[in-house]
Amino acid sequence: MLPADIEPVIRDPKATPPGHRIDLHHSMCFGCGSEAPVGLRIEVIAGEGLTVTAAMKVEDWMQGGPGVIHGGVLSAAFDEVMGTSPLLLRKPVVTGHLEIDYAKPIPLGSTVHFTGEILGGVRRKVYTRCVAHLGDPANPVAAAHALFIAIDLEKHFSGYRERAVHSQHQNGA
Ligand SMILES: CCCCCCCC(=O)SCCNC(=O)CCNC(=O)[C@H](O)C(C)(C)COP(=O)(O)OP(=O)(O)OC[C@H]1O[C@@H](n2cnc3c(N)ncnc32)[C@H](O)[C@@H]1OP(=O)(O)O
């Protein structure tokens with residue numbers, strides 16, 4: 001998936017310091033929003049260098065097959081974790097391409113731990129990968145690669161903002 005012309009990228013000196021939560025991008029976001037009526041409420045933590053981490057408890061409403069997480073929920077979690085990582089470059093992005101290897105069933109009630117990493121970039125393209133485990137990093141349950149495209153936030157959402165669902169404490173996007 002990685003292109004031959006991929007280049008190294010550098011963490012922005014003003015990025016969220018390691019160990020701190022990277023700011024919500026939208027309080028009503030399905031992935032990270034603290035006020036979304038239904039959502040994953042994932043908190044992405046900045047790591048060292050170009051890495052991020054997150055954890056997600058697998059709730060009963062996330063069920064797909066009996067007793068296990070729905071694959072689409074896991075996909076959304078990967079999207080959120082990897083999609084937040086380009087903020088270490090201070091670049092807002094949207095997902096262009098996302099691919100997942102589902103290695104093992106993930107039981108309801110477990111906690112999925114994610115470690116994401118930016119691999120490099122080409123022009124507006126940011127390449128990332130992420131691994132998920134249930135507590136033992138040597139025993140991954142899933143892995144993902146994704147390509148994100150840097151956007152101009154104002155332009156990208158200009159035709160949609162009038163449809164936005166707001167909370168009482170809406171903070172923009
Ligand atoms: C803090 C934030 C956390 C967010 C986490 C959640 C993220 C999300 O879920 S975002 C929602 C899902 N994604 C979307 O809605 C995006 C929908 N798609 C789009 O809006 C557009 O296709 C968009 C913006 C990605 C690209 O369009 P545009 O701005 O015209 O750029 P475009 O010139 O087509 O592409 C830019 C580059 O990306 C490449 N590219 C675009 N899409 C893809 C793709 N699917 N696969 C491979 N390459 C792609 C292009 O080839 C081009 O590459 P190059 O520089 O080599 O020419």
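In this predicted model, the ligand sits among 18 surrounding residues, and His25, Gly83, Val94, Gly96 and Ile149 come closest to it. Three elements each put two or more residues into that shell: helix H1 (71–84), strand E3 (93–102) and strand E6 (140–150). In character the shell is a mix, with seven polar residues, six nonpolar ones and five that carry the charged label.

As for how far the prediction can be trusted by its own scores, the protein chain averages a pLDDT of 95, and 97% of its residues score 70 or more. For the complex, the predictor reports an ipTM of 0.98 alongside a pTM of 0.96.

Next comes the packing of the protein itself. In soluble globular proteins, nonpolar side chains tend to be buried together. Here the largest nonpolar core has 33 residues, and the members that touch the most others are Ile42, Ala77 and Val81. At least two core residues come from each of strand E2 (51–57), H1, strand E4 (111–122), strand E5 (125–133) and E6. The top contributor is E6, which gives six residues. H1 and E6 thus turn up twice, once in the shell around the ligand and once in this core.

Val81 makes a handy example of the packing. With neighbours within four places in sequence set aside, Val81 is in contact with Ile42, Val44, Val52, Ala54, Phe114, Gly116 and Cys130. Ile42, one of those partners, is also among the core members that touch the most others.

The UniProt record, an unreviewed entry, lists residues 67–136 as "domain: Thioesterase". In the model, that span is 44% strand and 20% helix, and its end C-alpha atoms are 21 Å apart.

Two arginines stand out for their backbone angles. Most residues other than glycine have a negative phi. Arg90, though not a glycine, has a positive phi of about 60°. Arg90 belongs to the loop between H1 and E3. Is Arg90 buried or exposed? Arg90 counts as partly exposed because 13 other C-beta atoms lie within 10 Å, where buried would take 20 or more and exposed 12 or fewer.

Arg123 also has a positive phi, near 50°, without being a glycine. The loop between E4 and E5 is where Arg123 is found. Arg123 has 9 C-beta neighbours inside 10 Å, so this arginine counts as exposed.

Methods: Residues are numbered from 1 along each chain as its sequence is written. This is a predicted model: local features need pLDDT of at least 70, side-chain atom pairs count only at pLDDT 80 or more; totals for chains, interfaces and linings use all residues. A residue is near a molecule or strand if its C-beta atom, placed from the backbone, lies within 6 Å of it. Helices (H or I, at least four residues) and strands (E, at least two) are DSSP runs, numbered from the N terminus. Ala, Val, Leu, Ile, Met, Phe, Trp, Tyr, Cys and Pro count as nonpolar, Asp, Glu, Lys and Arg as charged, and the others, Gly among them, as polar. pLDDT is the predictor's confidence in each residue, from 0 to 100. A nonpolar core is a set of buried Ala, Val, Leu, Ile, Met, Phe, Trp, Tyr and Cys residues joined through C-beta atoms within 7 Å. Two residues are in contact if their C-beta atoms, placed from the backbone, lie within 7 Å. UniProt positions are given in the numbering used here, feature names are shortened, and annotations may be inferred rather than shown by experiment.
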